[in-house]
Structures are given as C-alpha cells and as structure tokens.
Amino acid sequence: MAGLTVLPPLAMAQSLADSGDSSSAAGWPSPGTAQPQLALAYTRPTEEAKLRNYFFDAFGPYPIVGAAIAAGITQADESPPEWKQGAAGYGKRFESNFGIAAVSTTTRYALAKAFREDALYYRCECKGVFPRLSHAVISTFTARRGDDGHRVLALSALVAPYAGTMTAVYGWYPGRYGTKDAFRMGNYSMLGYIGGNIALEFFHSGPHSWISRMHLDNRHGAPASGSQP
C-alpha cells in the first residue's frame with residue numbers, strides 16, 4: 001500500500017469542485033499551450049463541509065444501500081446462523097452492517113481530525129479507465145494533509161474498517177466470534193470502501209445530481225478558492 005501511494009500519475013490527480021480558472025490564476029500556461037497535465041491548487045474544506053460529508057458518508061444512501069446488499073449476502077450465507085432466516089434475521093443483519101459502517105465512518109473522520117488529515121474523496125483529473133481505477137483504489141488508503149494537500153498514507157483509512165467490525169464482534173455478534181472474525185470482516189469492509197470510491201469516481205452523474213449536491217457539489221472534494229462549500 002505504501003508503494004502504491006507514490007505512483008506519479010496520481011499525485012496530481014485530485015479534483016476540486018468547479019475549479020474554473022484556477023490554473024491561470026496560479027500562473028500556469030494558457031490552455032491553448034500544449035503542456036503536461038498539472039495539479040490544481042488545493043483548498044482545504046471547511047469544518048462545516050467536513051461535517052456535512054460525515055453525515056452523508058455515515059447515514060446517507062451509500063451506507064443504507066451497502067448495508068441492505070451485505071445483509072442479503074449474509075442472509076443467503078446464513079451468517080451468523082444464530083440470527084436465523086426470515087424478516088427478523090434480515091433485520092438483524094441489516095442493523096449490524098449499518099452499525100459497522102457507522103462506526104467505521106465515525107472512526108475514520110475522528111482520526112482524520114486528530115491527525116489533521118483531509119479524508120474526503122477527490123475525483124481524478126486523469127483520463128482513462130485504469131488510471132482512474134488506480135486512483136480510486138489508492139485513495140482508499142491515503143488522505144491529504146497540510147495546506148498544500150500533499151497525499152499521505154492515512155492511519156484513519158487503515159484503522160476505520162477494523163474498528164467497525166471489532167465493535168460488532170464484541171458488541172452484538174454471538175459470543176463465539178472473536179478477533180480473527182473481526183479481522184476477516186474488516187477486510188470485507190475495506191473492499192467496500194474501495195467499491196465506494198470506484199462508484200464515486202465512475203458513476204458520478206454530474207453537478208446537478210442529488211449526490212453531487214450533498215457531497216460538496218461533488219467532483220467530490222474541497223471547494224475551489226473563492227467558492228462556497
């Protein structure tokens with residue numbers, strides 16, 4: 001994961017909402033001049049914007065749909081078998097998966113705050129499926145730090161998925177479950193984060209979508225200089 005964070009095409013691939021003429025304002029050559037792709041200026045999101053994104057990520061449509069899908073999978077697999085089948089069993093599994101997601105997201109945002117990291121997702125300015133896919137995967141394990149927004153390996157991103165599953169195993173799962181089960185489930189949660197980032201990267205439907213309005217006028221990141229969150 002540490003090696004992935006230094007891939008050069010992705011260091012400059014972060015997107016800002018409606019960035020407008022930020023390249024000209026920063027003194028870069030005009031768009032008519034043939035130049036390699038340049039990084040856009042970074043503006044840290046406000047505390048209000050981060051709080052709004054936290055509630056969206058913890059309690060918005062993504063965790064609800066994700067919990068519903070995960071509950072269906074574990075229902076079919078009868079995991080855990082103590083919760084049995086039927087509507088009651090599905091309800092328990094849905095509540096469990098939603099609780100895991102809520103704890104994981106809360107942990108990620110809390111640790112990002114403690115370490116002064118920007119844990120929001122920024123869509124790639126790069127072109128092509130594979131560069132954008134790589135960007136989405138790498139962004140799962142990294143965050144921005146400092147006024148310049150340099151990318152770092154994020155402890156918050158690495159700890160959060162396992163914090164959620166540990167809470168579930170020792171909070172409401174049957175007693176026979178332990179640390180190994182929590183770690184295994186945390187791996188699935190990490191894959192869920194990767195899938196969520198891929199969805200944000202490829203299935204964003206434009207500046208007028210409902211998800212866009214909720215998520216920082218989603219090109220999904222901090223607003224550009226002079227814009228309002």
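For what follows, Ala, Val, Leu, Ile, Met, Phe, Trp, Tyr, Cys and Pro count as nonpolar, Asp, Glu, Lys and Arg as charged, and the others, Gly among them, as polar. Keep that in mind for the pocket. One caution before we go there: this is a predicted model.

So, the largest pocket. About 1,300 Å³ of space lies in it. Which residues are closest to its centre? They are Gly66, Tyr188, Ser189, Gly192 and Tyr193, out of 46 that line the largest pocket. By class, the lining has 24 nonpolar residues, 18 polar and four charged.

Where does the lining come from? Helices α4 (61-77), α5 (86-114), α7 (155-171) and α8 (179-202) each supply at least two residues, and so does strand β2. The top contributor is α8, which gives 12 residues.

Stay with α8 and turn to the rings. The whole structure holds 10 aromatic pairs. One of them joins Tyr162 and Phe183. Their ring centres are 5.2 Å apart, with 15° between the planes, and the pair is stacked. Tyr162 sits in α7 and Phe183 in α8, so this contact ties together parts that are 21 residues apart in sequence. Is Phe183 buried, partly exposed or exposed? Its relative accessibility is 48%, so Phe183 counts as partly exposed; the exposed class begins over 50%.

There is also a ring cluster. Ring pairs link Tyr54, Phe55, Phe59, Phe94, Phe98 and Tyr109.

Next, helix α3, residues 47-59. Why does its length make sense? At 1.5 Å a residue, its 13 residues should span 18 Å, and the end C-alpha atoms are 18 Å apart, so the two values agree. The expected figure takes 1.5 Å times one less than the number of residues. Now burial in α3. The buried residues are Ala49, Lys50, Asn53, Tyr54, Phe56, Asp57 and Ala58. Note that Lys50 and Asp57 are on that list. Tyr54 is there too, and Tyr54 also belongs to the ring cluster.

Last, the sheet. Three strands form an open sheet in the order β1-β2-β3, with antiparallel pairing. Which strands are at the edges? They are β1 (117-118) and β3 (150-153), each pairing on one side only. Strand β2 covers residues 142-145, and β1 and β2 pair in the antiparallel sense over two bridges. Asp118 stands opposite Arg144 in β2. And β2 brings us back to the start: this strand supplies at least two residues of the lining of the largest pocket.

Technical notes
Residues are numbered from 1 along each chain as its sequence is written. This is a predicted model: local features need pLDDT of at least 70, side-chain atom pairs count only at pLDDT 80 or more; totals for chains, interfaces and linings use all residues. Side-chain values use heavy atoms; hydrogens and water are left out. Two strands pair if DSSP finds at least two bridges between them. Helices (H or I, at least four residues) and strands (E, at least two) are DSSP runs, numbered from the N terminus. On a 1 Å grid over the protein atoms alone, a cavity is a set of points where a 1.4 Å probe fits but cannot get out, and a pocket is an open set with protein on both sides within 12 Å along at least five of seven lines; lining residues have an atom within 4 Å of a point. Grid points are joined across faces, edges and corners, and a volume is the space filled by probe spheres set on the points. Buried means under 20% relative accessible area, exposed over 50%, partly exposed in between (1.4 Å probe, protein chains only). Rings of Phe, Tyr and Trp (its six-membered ring) pair if their centres lie within 6.5 Å; planes under 30 degrees apart count as stacked, over 60 as edge-to-face and the rest as tilted.
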